Amino acid sequence: MSSPPPADSDSKTILVVDDDEVLRSRLQRAFARRGFSVCCADGFDQAIAIAKVRYPDLAILDLKMPGKSGIELLVELRKLLPYIQVVVLTGYASVTNAVDAIKLGAVNYVTKPADADQLLAAFDARPAIAESQFSPPSLAQAEWEHIQRVLAECSGNISEAAQLLEIPRRTLQRKLKKMLP
């Protein structure tokens, strides 16, 4: 386990981890203007390497990245730096992912698009989803989210997704025509 940075550090260090280079650089500039020391990574391995050297106080982690996910990174960062405060950022919002992130030690969960001020506010705000308020998704909602994940993994190819879901292609097409439950 690594030790925290020296107490005489003037500004807090924030680690931004996202596979979207444009978002990463935009957030880096915004946080630097607000007085933070900013380090950026495009994925799990690079983030862990930076964390071992820079000891960030705060981290903003993208949930979906190539390779290991933001949730896996959250777990490793919390082992490496128990004091770190983490906000999970995602374009694929779901109640289940939010609850998982909070249970694993994230201080909050924010959906994209989000600006630097919203992300900084998330470090101080109470999580939007408290475990006591959590109600599991309906079966239809869970099915819809699963179909959307599989479809995304197949780059929108309905035939391939239907094959992975082990349902006829026409059935999948009918389900997709329905609105989100």
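## Exercises on a predicted model

At 45% relative accessibility, Asp-117 counts as partly exposed, and the structure in which this residue sits is a predicted model. The exercises below begin with this residue.

**Exercise 1.** Determine which side chain meets that of Asp-117 in a salt bridge, and which parts of the chain the pair links.

*Solution.* The first step is to find the partner: the side chains of Asp-117 and Arg-34 meet in a salt bridge, at 2.9 Å from N to O. The second step is to place both residues, and here the pair links distant parts of the chain, since Asp-117 belongs to helix H5 while Arg-34 lies in the loop between H1 and strand S2 (37-41), 83 residues apart. The third step concerns Arg-34, which is partly exposed because its relative accessible area is 36%, a value between the limits of 20% and 50%.

**Exercise 2.** Work out which residues are linked with Lys-112 in a network of salt bridges, and decide whether each residue is buried or partly exposed.

*Solution.* A search of the whole structure finds five salt bridges. One of them joins the side chains of Asp-18 and Lys-112, at 3.1 Å from N to O. Asp-18 lies in the loop between S1 and H1 and Lys-112 in the loop between S5 and helix H5 (116-124), so this pair ties together parts that are 94 residues apart in sequence. Lys-112 also forms a salt bridge with Asp-62, where the closest N and O atoms are 3.4 Å apart; this pair, too, links distant parts of the chain, with Asp-62 in strand S3 (residues 58-62) and Lys-112 50 residues apart. Taken together, Asp-18, Asp-62 and Lys-112 are linked in a network. As for exposure, Asp-18 counts as buried at 1% relative accessibility and Asp-62 is buried at 3%, whereas Lys-112 is partly exposed, with a relative accessible area of 30%.

**Exercise 3.** Describe the surroundings of Leu-27, and state whether Leu-27 is buried or exposed.

*Solution.* Leu-27 lies in helix H1 (residues 21-33). With a relative accessibility of 4%, Leu-27 counts as buried, because the limit for a buried residue is under 20%. If residues up to four places away in sequence are not counted, Leu-27 touches Val-16, Asp-115, Ala-116 and Leu-119. The C-alpha atoms of Leu-27 and Asp-117 are 9.9 Å apart in space, although the two residues are 90 apart in sequence.

**Exercise 4.** Find the buried residues of helix H4 and name elements that cover them.

*Solution.* Helix H4 spans residues 95-103, and its buried residues are Asn-97, Ala-98, Val-99 and Ala-101. What covers these buried residues includes helix H3 (70-80), strand S4 (85-90) and strand S5 (108-111). Just after H4, Gly-105 takes a positive phi of about 115°.

**Exercise 5.** Identify the residues that gather in a patch of negative charge and in a patch of positive charge on the surface.

*Solution.* The negative patch is made of Asp-19, Asp-20, Glu-21 and Asp-42. One of these, Asp-19, is placed in the loop between S1 and H1, and it is partly exposed, with a relative accessible area of 37%. The positive patch gathers Arg-169, Arg-170, Arg-174 and Lys-177, of which Arg-170 is found in helix H8 (residues 169-177).

Notes. Residues numbered from 1 in each chain as written. Predicted model: local features only at pLDDT ≥ 70, side-chain atom pairs only at ≥ 80, totals over all residues. Heavy atoms only, no water. Patch = residues over 30% accessible without salt bridge, like charges linked within 9 Å, V, L, I, M, F, W, Y side chains within 5 Å. Areas by Shrake-Rupley, 256 points an atom, 1.4 Å probe, with all protein chains shown as cover. Salt bridge = Lys/Arg side-chain N within 4 Å of Asp/Glu carboxyl O. Lys, Arg positive; Asp, Glu negative; His and termini not counted. Charge placed at Lys NZ, Arg CZ, Asp CG, Glu CD. Helix = DSSP H or I, 4+ residues; strand = E, 2+ residues; numbered from the N terminus. Buried < 20%, exposed > 50% of the residue type's maximum accessible area, 1.4 Å probe, protein only. Contact = heavy atoms within 4.5 Å.
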